[in-house]
Amino acid sequence: MRRRTFLTALPASVAFSGAVWHEAVASVRAGESPYGPLGAPDANGMALPAGFTGRVVARSGHSVGGSVGGTLWHPAPDGGACFADGTGWIYVSNSEVPLIGGASAIRFRADGSIERAYRILSGTNLNCAGGATPWNTWLSCEEIFRGRVHETDPYGARAAQPRPAMGRFKHEAAACDPDHRVIYLTEDESDGCFYRFTPTTWGDLSSGRLEVLCGDGVPWREVPDPTPGVLARQTRHQVPEARHFNGGEGCHYAAGVCYFTAKGDRKVWAYDTARQTVTAIYDGTGTLDGVDNITGQKGDLYVAEDGGNMEINIITPDGVVAPIMRLDGQARSEITGPAFSPDGTRLYFSSQRGTSGETAGTGGITYEVTGPFRR
């Protein structure tokens, strides 16, 4: 089990979900995870703090909810999000496999029981992460050369639509900023970029302007050709001033700051929209490994690990970095798709390859953790 760690000292100006980082936050400061230490693994190999419980809600290749003839849960479950649905809610999950990837959804009743599952996107390629929109759609992103963003309907009523104006590149995640009416996008390349898409009309992603983050002074420049051909210069190389990040992964927006992870250097970055600056709020020297998908709630960030010892770590506004969940016996997998239910009491996520570690993702497991989360 890992010990907690703390962020290195940061400038006092770095905003964090409405709170403020202070220079006093340093590796020598005492403190504990707000949830306490992890207990012994349960029957599913999940170690949780006292007061929290977990369960399996879906397994790749198995009928969701155990109903005969129901929808089979997809292989390699990846990025996910939750959506309110009357008195219940919906959890959406991508499938990161070639050619048949797509995304599926699980509808939960008010008491947490599963009503049914269904497909919301099919026939796409290596759907990795994505992001929820304020108008209750799910942006499912293809992590392939010249990949696309598909806008999907979590409720299953409308057909999915590709959104090429958001760029053709190796997409990872998307985070909507309703305050400035833009969407931030990460790119999973060793020299990937951080993008900003401004729709022509907020709520309609069929057209708009794609920009790339550059250096200080001139923070954003428009990408000349967002949909380059196979032999054309790719988006990340079209603007000489573009800033590059080593393996862009998860992305989350809250209270004027867009947080994103870069697996190549194990850093968690914060883009301050007011100051238009980027600061590493976690510098990769602590015990949080393989930074990947990221979500947040009430000032806290929750970062899932790609590998490592398979934990989800919390990063609090006062600088504590500590595990809040660990999966044992799944070292060849990765944790994906962390997302809170609308009321903030349940956290969903997946082990992409489960205990098998198979690259095809046929052993994927999707979990739910219930407990006294800070909300």
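This is a guided tour of one protein chain, stop by stop, for you to follow in your viewer.

**Before you zoom in**

Keep in mind that you are looking at a predicted model. Start with the whole chain in cartoon view. You'll find 29 strands and zero helices. Along the principal axes, the C-alpha atoms fill a box of roughly 55 × 50 × 35 Å. How does the radius of gyration fit a compact globule? A compact globule of 375 residues would come out near 21 Å, and this chain has 19 Å, so the two agree.

Now switch on the surface. About 14,000 Å² is exposed, and carbon and sulfur atoms supply 50% of that. Of the 375 residues, 59% count as buried. If you colour by charge, you'll be looking at 34 positive and 41 negative side chains, and the centres of those two sets lie 2 Å apart. One more thing before we move on: take the contacts between residues at least 6 apart in sequence, and 50% of them join residues at least 24 apart.

**Stop 1: Leucine 72, out in a loop**

Select leucine 72. It sits in the loop that runs between β5 (53-59) and β6 (77-85). Is leucine 72 buried or exposed? Its relative accessibility is 51%, and since the mark for exposed is over 50%, leucine 72 counts as exposed. Show what touches it, skipping residues up to four places away in sequence, and you get Gly61, His62 and Ser63. For a sense of distance, draw a line from the C-alpha of leucine 72 to that of glutamine 330: they are 258 residues apart in sequence and 22 Å apart in space.

**Stop 2: Leucine 126 and its backbone**

Move along to leucine 126, in the loop between β9 (114-121) and β10 (127-132). Have a look at the backbone here: phi is positive, about 50°, although leucine 126 is not a glycine. With a relative accessibility of 23%, this leucine counts as partly exposed.

**Stop 3: Arginine 146, another positive phi**

Next, select arginine 146, in the loop between β11 (138-142) and β12. Here too phi is positive, at about 60°, and the residue is not a glycine. Arginine 146 is buried, with a relative accessible area of 16%, because anything under 20% goes by that name.

**Stop 4: Threonine 152, in β12**

Follow the chain into strand β12 (residues 149-152) and pick out threonine 152. How much of threonine 152 is accessible? Its relative accessible area is 2%, which makes it buried. Leave aside the neighbours within four places in sequence, and it is in contact with Ile120, Leu121, Thr137, Trp138, Ser140 and Ala160. Show those as sticks to see what surrounds the threonine.

**Stop 5: Tryptophan 220 and its many neighbours**

Now go to strand β18 (residues 220-222), where you'll find tryptophan 220. At 8% relative accessibility, this one counts as buried. Which side chain makes a polar contact with the side chain of tryptophan 220? Add tyrosine 271 to your selection, and you'll see the pair at 2.9 Å.

Not counting residues up to four places away in sequence, tryptophan 220 also touches others, among them Tyr184, Phe194, Tyr195, Arg196 and Gln276. Glu211, Val212, Leu213 and Cys214 are on its contact list as well. Try a distance, too: from the C-alpha of tryptophan 220 to that of glutamate 241 is 9.1 Å, with the two positions 21 residues apart along the chain.

**Stop 6: Glutamine 297 meets the end of the numbering**

Select glutamine 297 in strand β23 (residues 291-297). It is buried, at 14% relative accessibility. What does the side chain of glutamine 297 reach? Look for the backbone oxygen of arginine 374, at 3.2 Å. Beyond the neighbours within four places in sequence, glutamine 297 is in contact with Tyr302, Phe340, Gly344, Phe373, Arg374 and Arg375.

**Stop 7: Aspartate 300, and a look back**

Finish with aspartate 300, in strand β24 (residues 300-305). At 2% relative accessibility, aspartate 300 counts as buried. Now draw a last line, to histidine 74: the two C-alpha atoms are separated by 30 Å, and the residues are 226 apart along the chain.

Definitions and conventions. Residues numbered from 1 in each chain as written. Predicted model: local features only at pLDDT ≥ 70, side-chain atom pairs only at ≥ 80, totals over all residues. Heavy atoms only, no water. Helix = DSSP H or I, 4+ residues; strand = E, 2+ residues; numbered from the N terminus. Rg over C-alpha atoms; globule rule 2.2 N^0.38 Å. Buried < 20%, exposed > 50% of the residue type's maximum accessible area, 1.4 Å probe, protein only. Contact = heavy atoms within 4.5 Å. Areas by Shrake-Rupley, 256 points an atom, 1.4 Å probe, with all protein chains shown as cover. Lys, Arg positive; Asp, Glu negative; His and termini not counted. Charge placed at Lys NZ, Arg CZ, Asp CG, Glu CD. Polar contact = N/O pair within 3.5 Å; in protein donor to acceptor, adjacent residues only side chain to side chain.
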